[in-house]
Amino acid sequence: MVIKDIREFISELEKHGELKRVKVQVDTDLEIAEILRREMYSNGSAILFENVKGFDIPVLGNAFGSMKRLEIGLEMTDFTEIGQRIADMTKMDIPSGILNKIKKLPELSKMTASFPKLETNGPVTEITSSNASFDDLPILKSWPNDAGRFITLGLIATKHPETGVRNLGVYRMQIIDKTHASMHWQKHKRGAHHGDISKDRGEKIPTAIIIGGEPATIFSSIAPVPEGLDKYLFAGITRKEGIKTVKCKTIDLDVPANAEIVLEGYVDPADIRDEGPFGDHTGYYTPVEPYPTFTLTGIMRRKDPIYVTTVVGKPILEDAYIGKVIERSFLPLIQMFHPEVIDFSMPAAGWFQGFAIISIKKRYPGQAKKVMMGLWGMGQLSLTKMFVVVDEDINVHDINDVIWAITTRADAARDTMIINNTPTDTLDPASPLINLGSKMGIDATQKTRDEGYEREIQQLVKVDDKTKSLVDTKWSEYGL
């Protein structure tokens, strides 16, 4: 059975010794965030705060702050399975003839089993009200210079105004007052694109903020899935079973039936207000910037909801582990378009969007640059500011091996590529302009004569097979 909600996830975490309960009273104003940061930086447990000052709603934090917890939540140890399932679906032949269709039924049933299922009600519909207020929720203030309280792990649900394809994204929200919050969906995000279409139409866009849910749905909201793929379907692909959804009460959107809390409303693209500052995952405060406003129109929630949150700051914190799963799960999709790619890594210290390392099986001159250019044209990777491409004998997850490749196989003038005036992550504190900066690519593959390398390629030092076999055989005798 797959984990169906955050409560089952908490139970599993506790069973595996991955959760601590804090019973002493704690404050949403800075205190909870500092506790979570200390626990995260020390590779600590998930924490359930059961006694939150001024609220009768417990707060769950650091729930995804280790690879083990993500393995528990997503019920797998090899996260490349997720991308492989999508790759397999895209390669599936459409059967012709009744006999071939029958033969294909097992594969086709796997696809249909992943589709979401609309229910008339669910746990999140236990209490519904059109008289909702942000003040009823234990929303955190994380850093002393933050502009206020921020929802940091709300799954923002919208649908494409023209195609109806549903999206989930995680965009922070600064609370303005009881019924208004800034929606920090950055220019390159899908939610912002939906908002732009609505703005061109002179319309407000129905929006729901989902707190809690299946771990697979939470992961799916963060994952940069291929354009046009419904996020609810992706959640089903991830968990190998479609999620259950229910209709919102005040807006025309479906939301996960097993969520803890759903905040209903709309974003008005014409209602622009200042948002920030906010202590972000780059390790810096992002400055005050204009963003559209969300208006709260209703709430659906469980009778005894759990508020799920996350805290960001200088790496490495909880988001680093989610990023590592995204890296692993999307490797098969990268290999679909670039079959020469062997492995791929986005080190957490580079806040993932800043730096990536790719190993390839090199067959022709200039292939490393070809791969860089191709990856810069793929969705969210278009915002990655630095690529390093290495040969297949380099371990992309060993930064020392990567540095060795850069310093022995790359020439600064020949192998460094700079591209100016390209899209950058909105949060990049180094870019000269917001959303616009430069890219750097380093070709750290071994160069050949076809690439103008006139010198004799130096021989790698490595042990001979005879000596290796001798030492292997006698190792136990050495007493080491």
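## The second largest pocket

Helix 12, which spans residues 399-409, contributes more than any other element to the lining of the second largest pocket, supplying 3 residues. The model described here is predicted, and in it this pocket encloses a volume of about 370 Å³. Its lining consists of 14 residues, of which Thr408, Arg409, Gln446, Tyr453 and Gln458 are the closest to the centre. Sorted by character, the lining residues of the second largest pocket comprise 5 nonpolar, 4 polar and 5 charged ones.

## The surroundings of glutamate 340

Glutamate 340 is placed in the loop that runs between helix 10 (331-337) and strand 19 (341-345). Glutamate 340 counts as buried because its relative accessible area is 8%, which falls under the 20% limit used for that class.

Two polar contacts of the glutamate 340 side chain can be described, one with the side chain of glutamine 367 at 3.3 Å and one with the side chain of lysine 370 at 2.8 Å. When neighbours within four places in sequence are set aside, the residues in contact with glutamate 340 are Ser359, Ile360, Lys361, Tyr364, Gln367, Lys370 and Val371, a list that includes both of these polar partners, Gln367 and Lys370.

## Backbone geometry

Most peptide bonds are trans, and most residues other than glycine have a negative phi. Against that background, the peptide bond from glycine 276 to proline 277 is cis, its omega being near 5 degrees, and proline 277 belongs to the loop between strand 14 (261-275) and strand 15 (278-279). A further cis peptide bond leads from proline 315 to isoleucine 316, with omega near 15 degrees; isoleucine 316 is located in the loop between strand 18 (307-308) and helix 9 (318-329).

Two asparagines carry a positive phi. For asparagine 62 the angle is near 60 degrees, and this residue sits in the loop between strand 3 (59-61) and helix 3 (67-74). For asparagine 421 phi is near 55 degrees, but here the residue is part of strand 22, which covers residues 416-423.

Which of these asparagines is buried, and which is exposed? Asparagine 62 is classed as buried because its relative accessible area is 1%, whereas asparagine 421 is classed as exposed because its relative accessibility is 63%, a value that lies over the 50% limit for that class.

## Aromatic pairs

The model contains 8 aromatic pairs. One of them is formed by phenylalanine 150 and phenylalanine 278, whose rings are 4.5 Å apart from centre to centre and whose planes make an angle of 45 degrees, an arrangement described as tilted. This pair links distant parts of the chain, since phenylalanine 150 lies in strand 6 (residues 150-151) and phenylalanine 278 in strand 15, with the two positions 128 residues apart in numbering. Phenylalanine 150 and phenylalanine 278 are both buried. Strand 15 (278-279), to which phenylalanine 278 belongs, is also one of the two strands that flank the loop holding proline 277.

Elsewhere, Phe219, Phe234 and Phe330 make up one aromatic cluster.

Notes: Residues numbered from 1 in each chain as written. Predicted model: local features only at pLDDT ≥ 70, side-chain atom pairs only at ≥ 80, totals over all residues. Heavy atoms only, no water. Helix = DSSP H or I, 4+ residues; strand = E, 2+ residues; numbered from the N terminus. Buried < 20%, exposed > 50% of the residue type's maximum accessible area, 1.4 Å probe, protein only. Polar contact = N/O pair within 3.5 Å; in protein donor to acceptor, adjacent residues only side chain to side chain. Contact = heavy atoms within 4.5 Å. 1 Å grid on protein atoms, 1.4 Å probe; cavity = no way out; pocket = protein on both sides within 12 Å on 5 of 7 lines; lining within 4 Å. Points joined across faces, edges and corners; volume = space filled by probe spheres on them. Nonpolar A, V, L, I, M, F, W, Y, C, P; charged D, E, K, R; others polar. Phe/Tyr/Trp six-rings, centres within 6.5 Å; stacked < 30°, edge-to-face > 60°.
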